Amino acid sequence: MATVGYSKKVMEHFMNPRNVGVIENPDGYGKVGNPVCGDVMEIFIKVKDDIITDIKFRTFGCGSAIATSSMVTELAKGKHIDEAVKITRGDVANELEGLPPQKMHCSNLAADALHEAIKDYKSKQQKK
Amino acid sequence: MKQIYLDHASSMPVDPRVIEFATPYLHDSYGNPSSLHSVGLGAKQAIEDARSKVATLIHAENENTIIFTGGATEANNLAVRGTALRNITLGKAVVASAIEHMSVLNPMKDLQKNGFSFTTIPVDSTGVVDLKKLESTVSKSTSVTSMMYANNEIGTIEPIRDISTIVHEKGNFLHVDATAAVGRIPIDVQKNGIDLLTLSSNDLYGPQGAGALYVKPGVKIQTVLFGGGQERGYRSGTENVFAIAGMGEAARIAKEEMHAESNRLIPIRDKLISELLTIDQSYLTGHRTLRLPHHVSVRFSHIEGESILLNMDMYNIQVSTGSACSSKTLEPSHVLLAIGLKHEEAHGSMVCTMGRSTTIEDVPVVRKAAGETVERLRKLSPLS
């Protein structure tokens, strides 16, 4: 039987999002989406020895946009950047016990924001 | 936590008196109204009584002007398609306001695909239809012009009498979708010169699954649903007797109680609007005074409507939003775009539609929940 609405896990992350906020002088920063579409996500990472030691996000968007942002920060925290970069939209959706079909793009954005932040970190490393 | 249901524009609880009145049609007078035996005749009588009650509510010429349908969407389809196709000799043009319901706009778009011209009339920033543009657009080849009595998303009441004058001077038939207005404000189809009018049962505290189209005597339409010829051939299909009987009783009660109920709600509406507007960067959508008595709609900068809806639900307060994320199309409400909001502004809308359960004591509770919701979501938002 098809279930309707968001999973309990989505609502739990929506109401109590993990890792909200801003990191001053982050080692990597990623921002995706735009306000016209109704979704903007930004992710800040602190990296030590290629391990994501701290991660924060801010999101403008719907319930699943906030929940997927929260989830992606939880999945990435403590991971090596080579591992974190492999986190996919599917991983985020699965960890949240599924998303309604029309909301899958939100999970895409959360993973994209993380990938952007890692890309930013790597490009800063190369400049050093 | 006490439930505060503020989404009456989406769905309303059925009045217990209506349930009591209509339930016998589920188990006693369960006949098919087309059957000539006594069980069928009982059902047939229920439909005719309902027809009379609905006609009285909108001050129709007689009960034969009322065609029962499966709901307002179907009535709108019948009005638009049925009038345009039946009167094709007048011309192949249709006109609607930019803020009509999709059940008016989409049949018109479909006619457009089939060779009709279709023009939308813009509205101003408060949602009032541009009468000058209407006057310059409607012509003798415009068979049907559709303008809603009041808008469900922003609550604005349209100048139907002026619209009617223009449409009859320049064009032909005026269809009015009164779904949001019926049972809230008095509607007089004769005084306002309305040719076709849509109303729905549930918006009167009646059961879902019934609606009606008023068709003025002499106005010719054709059916869009072919079959056994029920409803004088305009709407085939065995009648939903329970819902229609309930709709009739709901119309009778609305006629009696609407005036007092609207007078009760107006001060609550005004208090809720002024309280919500004390929230930083909040704005009213729709018209301040030309407004449905039960309707409050606002928008908040930098946050998104579906999140507002979900967060308010945590306080057991149910609202709606015109945000893209809550829609099936992922586009923000065409109504909010039509009043000139930018996409990012339209995303942050919150609509509260009140009803019989709403009291003045609800206002501070809703204000507190909305304030905390906005504050929490803005803390999460990179835009604020």
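Helix axes are lines fitted to C-alpha atoms over the stretch in contact, and the angle between two of them runs from 0 to 180 degrees between N-to-C directions. With that in hand, here are some close-ups of a predicted model.

**View 1. Helices H9 and H12 of chain B pack against each other at an angle of about 130°.** The axes of H9(B) and H12(B), the latter spanning residues 362-380, are 10 Å apart. Because the angle is about 130°, H9(B) counts as oblique to H12(B). H9(B) passes H12(B) in a right-handed crossing. From H9(B), look for B:Ser307, B:Ile308, B:Asn311 and B:Met312; their partners on H12(B) are B:Ala369, B:Ala370, B:Thr373, B:Arg376 and B:Leu377. By class, this contact has five nonpolar residues, three polar and one charged.

**View 2. Helices H8 and H12 of chain B pack with their axes 10 Å apart.** How are these two helices oriented: roughly parallel or oblique? Their angle is about 25°, and since angles under 35 degrees count as roughly parallel, H8(B) is roughly parallel to H12(B). The crossing is right-handed. On the H8(B) side you will find B:Ile268, B:Lys271, B:Leu272, B:Glu275 and B:Leu276, which meet B:Val363, B:Val366, B:Arg367 and B:Ala370 of H12(B). Six of the residues in this contact are nonpolar and three are charged, with no polar ones. B:Ala370 may look familiar, as this residue of H12(B) also takes part in the contact with H9(B).

**View 3. Helices H3 and H8 of chain B pack at an angle of about 30°.** H3(B) covers residues 38-57, and its axis is 8 Å from that of H8(B). The crossing of this pair is left-handed. H3(B) contributes residues including B:Ala43, B:Ala46, B:Ile47, B:Asp49, B:Ala50 and B:Lys53. Across from them, H8(B) offers, among others, B:Val241, B:Ile244, B:Ala245, B:Met247, B:Gly248 and B:Glu249. The contact as a whole divides into twelve nonpolar, two polar and five charged residues.

**View 4. Two domains of chain B meet.** Domain 1 comprises 4-11 + 258-380, while domain 2 runs over 16-253. Their C-alpha centres lie 27 Å apart. Where they touch, 21 residues of domain 1 are in contact with 22 residues of domain 2. Which elements each supply at least two residues of the domain 1 side? They are helix H8 (241-276), strand S10 (295-300) and helix H10 (334-338). That side holds nine nonpolar, eleven polar and one charged residues.

**View 5. Chain B touches chain A.** Here 19 residues of chain B are in contact with 17 residues of chain A. On the chain B side, helix H9 (305-314) and helix H11 (343-346) each supply at least two residues. The largest share, four residues, comes from H9(B), the helix already shown packing with H12(B). The residues on this side of chain B divide into nine nonpolar, six polar and four charged.

**View 6. Confidence scores accompany the model.** Chain B averages a pLDDT of 96, and 98% of its residues score at least 70. For the model, ipTM is 0.93 and pTM is 0.94. A friendly reminder for close-up work: where pLDDT is low, the predicted coordinates should not be read in detail.

Key
Residues numbered from 1 in each chain as written. Chains lettered and ligands numbered in written order. Predicted model: local features only at pLDDT ≥ 70, side-chain atom pairs only at ≥ 80, totals over all residues. Contact = placed C-beta atoms within 7 Å. Nonpolar A, V, L, I, M, F, W, Y, C, P; charged D, E, K, R; others polar. Parallel < 35°, antiparallel > 145°, perpendicular 65-115°, else oblique. Left-handed = near helix turned anticlockwise from the far one by under 90°. Domains from an automatic or database assignment. pLDDT = per-residue confidence, 0-100.
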